[in-house]
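Reader: I am new to this structure and would be grateful for a close look at a single part of it. Please take one strand and explain how its residues relate to the rest of the chain.

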Amino acid sequence: MANWKKIGIISGIGAGVVGLVTYVSRLNRAQTQLESVTTAKIHSLKLDGLTIRVDVQLKNPSRSSFNIKFPFVKLVYKDKVVGTSQVIDKNIKIPAYGEANIESIMIKIPVTSIFSIGAGLVKLLLQKVAVVISVKTISTIDLGWKKLPYEKSDDMTLHPKA
């Protein structure tokens with residue numbers, strides 16, 4: 001009878017380990033499959049500065065749901081950071097085989113920054129010339145027991161308003 005008890009305990013532990021390994025591998029695979037689609041456009045170009053609107057769509061093509069921190073966004077023009085979004089401590093749930101949309105992340109580039117690092121950017125926009133900027137999305141994927149960094153950079157073309 002004692003042997004059956006030992007066999008049952010060992011089998012239970014083995015099944016738990018197999019289940020945990022399967023769960024961990026699925027979550028790691030989900031992290032590598034996360035896709036983000038970023039769009040950026042000029043919201044306003046006024047005397048007080050330039051405001052760029054960034055929308056981020058997060059896509060989860062896996063069967064595991066997880067949370068991701070609200071994305072932090074950097075705008076880079078000619079290898080210089082011209083603007084960043086606010087840091088927001090908010091979790092966003094991404095369902096299995098689902099999407100989450102984060103809209104209207106406003107990045108304000110004040111006049112002082114425009115003159116120091118973004119002068120070429122604004123000059124081209126005022127001349128109605130499209131400008132390519134790099135939009136870097138940074139976040140953290142929360143798998144429950146582990147947090148993984150997520151970073152993606154996309155080149156976007158800003159089209160001046162007509």
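Author: Helices, of at least four residues, and strands, of at least two, are taken here as DSSP runs and numbered from the N terminus. On that basis the protein, which is a predicted model, has three helices and nine strands. Read from the N terminus, the order of elements is α-β-β-β-β-β-β-β-α-α-β-β. The part chosen for a close look is strand β8, which covers residues 131–142.

Val131 belongs to this strand. Is Val131 buried or exposed? Its relative accessible area is 3%, and because buried means under 20%, Val131 counts as buried. Apart from neighbours within four places in sequence, Val131 is in contact with Tyr77, Leu121, Leu124, Leu125, Met156, Thr157 and Leu158. One of these partners, Tyr77, is 54 residues away from Val131 along the chain, yet the C-alpha atoms of the two are separated by 9.0 Å. Such links have a counterpart in the protein as a whole: among contacts between residues at least 6 apart in sequence, 67% join residues at least 24 apart.

Ile133 and Val135 come next in this account. Both are among the residues with the most contacts inside the largest nonpolar core, a set of 33 residues. Leu34, Ile52, Val54 and Leu75 are also listed there. Leu75 is in contact with Ile133, Ser134 and Val135. Beyond these, the contacts of Leu75 include Ile52, Val54, Val81, Val82, Ile107 and Ile109, with neighbours within four places in sequence left aside. For the protein overall, buried residues make up 36% of the 162 residues.

Lys136 brings a charged side chain into the picture. The side chains of Lys136 and Glu151 form a salt bridge, with 3.4 Å from N to O. Lys136 lies in strand β8 and Glu151 in strand β9 (residues 147–158), so the pair ties together parts that are 15 residues apart in sequence. At 24% relative accessibility Lys136 is partly exposed, whereas Glu151, at 52%, is exposed.

The count of salt bridges comes to five. Another of them joins the side chains of Asp89 and Lys69, at 2.6 Å from N to O. This pair links distant parts of the chain, since Asp89 is in the loop between β5 (80–84) and β6 (91–94), while Lys69 is in strand β3 (residues 66–69), 20 residues apart. Asp89 is exposed, at 69% relative accessibility, and Lys69 is partly exposed, at 28%.

How values were computed:
Residues numbered from 1 in each chain as written. Predicted model: local features only at pLDDT ≥ 70, side-chain atom pairs only at ≥ 80, totals over all residues. Heavy atoms only, no water. Core = buried A, V, L, I, M, F, W, Y, C linked by side-chain atoms within 4.5 Å. Buried < 20%, exposed > 50% of the residue type's maximum accessible area, 1.4 Å probe, protein only. Contact = heavy atoms within 4.5 Å. Salt bridge = Lys/Arg side-chain N within 4 Å of Asp/Glu carboxyl O.
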